[in-house]
Amino acid sequence: MAVLLTTVGIVLFALGLLFSIAWHELGHLSTAKMFGIRCTQYMVGFGKTLWSRRIGDTEYGLKLVPLGGYVRMVGMIPPAEKQRDDSAAKPMSRWRAMIEEAREASYVEAGPEDANRQFYQRPPWKRIIVMVAGPAMNLILAVLIFAVVLMGIGMPQYTTVVSQVHDCVLPAGTAQTECAEDAAPTPAAQAGLLPGDHIVGVAGQETDTWGEVSAAIKDNIGPVTLTVVRDGEEMTLRTELIENQVVVRDEAGNPVPELDDSGEPVTDEQGRQVPQTTSAGFLGISPEQERRPLSPVESATVMGDMMVGVGEAIVTLPAKVPGVFGAAFLGEERALDSPVGIVGASRIGGEILAQPIPLIDRAAFMLNLLASVNLFLFAFNMLPILPLDGGHIIGAVWESIRRNWAKLTKRPDPGPFDVAKLMPVAYLVVACFLGFSLMLLVADIVNPVRLIQ
């Protein structure tokens, strides 16, 4: 059954990724057609065509390698400026040859009927809309999925109900799980607390949330009273809270990571973040969790934090390349925060679906993972480098600045920005992307990230 569920999870998540790619390209296609730009192809994937169908001017299809997609628009590159006779006679450099090859490829499918249907002929603001539309579709999809999870399914929240009573005192962060013979019992065990007890007061203070319970325990060292509700009856228990090393948690109850001198989270050998600890009052219990839907404001805050996290992940991506290389080819251990490709992300989805946890938790995790991928696609494609959408956006913005400046200074219109001059750089970027994608593929197959150890 576990193998079946894992396979189903992989297939479902892979389909979700393919839909995200198709959804992205639909943004480009719909806005391009809206502005009268001829689109000859709408393809999901690269390489050999598995299926295609022509509707009107556009061929729609699926290709063999599901690592992206594209919409082919006529006239993505403007025609070359007229050359002087003496410059035309000079031998063409390799750089120039690459530029002209890219320009020629842009006009292979152009015909007489496309005289006014080419991408470069549209005003810069329209071209910006066309290129932004793709990443914007990923952002919209991410927001919709997160809204379903955060405001519909809800986020796990700690409650004031006791889930587990620990038998002995252990310091925070220790790998030890068994109690030694001479280990001191926890104050919770001494008090007679039981799983299922509802803590409604600590040291005479009413506690409506786990945050209030946790704060009251940490602030009181010594004899205290615990007011609990058990089987519908309220009772008072007495114990003596001791001082111990405990994990520092934020308002949501999540561990606060330890930071190094540069402000980055400290991780262990498996790539897990090491939590901060502090000396405080200790009781020795673990609270239950339940899912609580968030308000629109709370959801927006969570999404904002996730967007910041995605930005930080993109910034730190180059620094993680050596680790991926070592995991793929040198047998080094794969860190939990290592980048993953489509294969790795799909495998994680399958792994989660096969876990013996409530179905709602599995569904929420997979939806969160798919939404996070779409956030990454949005942010990554907005990077101002060709061949990414952000590279074309920057070209259109620069063209608009040049034309407006020329108009302001009453100079001749400089014409469209010649994006073909940047194509050699784009080829280099593509080569780097392909190399990194292949390295991720190898690492995801031979040394995958394992969330479940």
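**Figure 1. Confidence along the protein chain of the predicted model.** Mean pLDDT in the protein chain is lowest in helix H2 (residues 85-88), at 46, and highest in helix H4 (residues 124-153), at 95. Around helix H2, the pLDDT is below 50 over residues 83-89. Beyond near neighbours in sequence, the stretch 83-89 has two contacts in the model. For the protein chain, the mean pLDDT is 84, and 91% of the residues reach 70 or more.

**Figure 2. Surroundings of Glu 399 in helix H11.** Glu 399 belongs to helix H11, which covers residues 389-408. The residue counts as buried because its relative accessibility is 0%, and the cut-off for buried is under 20%. Two polar partners of the Glu 399 side chain are shown. One is the side chain of Arg 127, with which the side chain of Glu 399 makes a polar contact at 2.5 Å. The other is the backbone nitrogen of Phe 417, placed 3.0 Å from a polar atom of the Glu 399 side chain. With neighbours within four places in sequence left aside, the residues in contact with Glu 399 are Pro 124, Arg 127, Gly 415, Pro 416 and Phe 417.

**Figure 3. The cis peptide bond between Leu 386 and Pro 387.** Omega is about 5° for the bond that joins Leu 386 to Pro 387. Most peptide bonds are trans. Pro 387 sits in the loop that runs between helix H10 (359-381) and H11. Helix H11 (residues 389-408) also holds Glu 399, the subject of Figure 2.

**Figure 4. Positive phi at Ala 203, in the loop between strands E4 and E5.** Ala 203 is not a glycine, yet its phi is positive, at about 55°. Most residues other than glycine have a negative phi. The loop that holds Ala 203 lies between strand E4 (198-202) and strand E5 (205-206). Ala 203 counts as partly exposed because its relative accessibility is 31%, between the cut-offs of 20% and 50%.

**Figure 5. Positive phi at Asp 231, in the loop between strands E6 and E7.** Asp 231, a residue other than glycine, has a positive phi near 55°. Strand E6 (222-230) and strand E7 (233-247) flank the loop in which Asp 231 is found. Is Asp 231 buried or exposed? Asp 231 is exposed, because its relative accessible area is 77% and the cut-off for exposed is over 50%.

Definitions and conventions. Residues numbered from 1 in each chain as written. Predicted model: local features only at pLDDT ≥ 70, side-chain atom pairs only at ≥ 80, totals over all residues. Heavy atoms only, no water. Helix = DSSP H or I, 4+ residues; strand = E, 2+ residues; numbered from the N terminus. Buried < 20%, exposed > 50% of the residue type's maximum accessible area, 1.4 Å probe, protein only. Polar contact = N/O pair within 3.5 Å; in protein donor to acceptor, adjacent residues only side chain to side chain. Contact = heavy atoms within 4.5 Å. pLDDT = per-residue confidence, 0-100.
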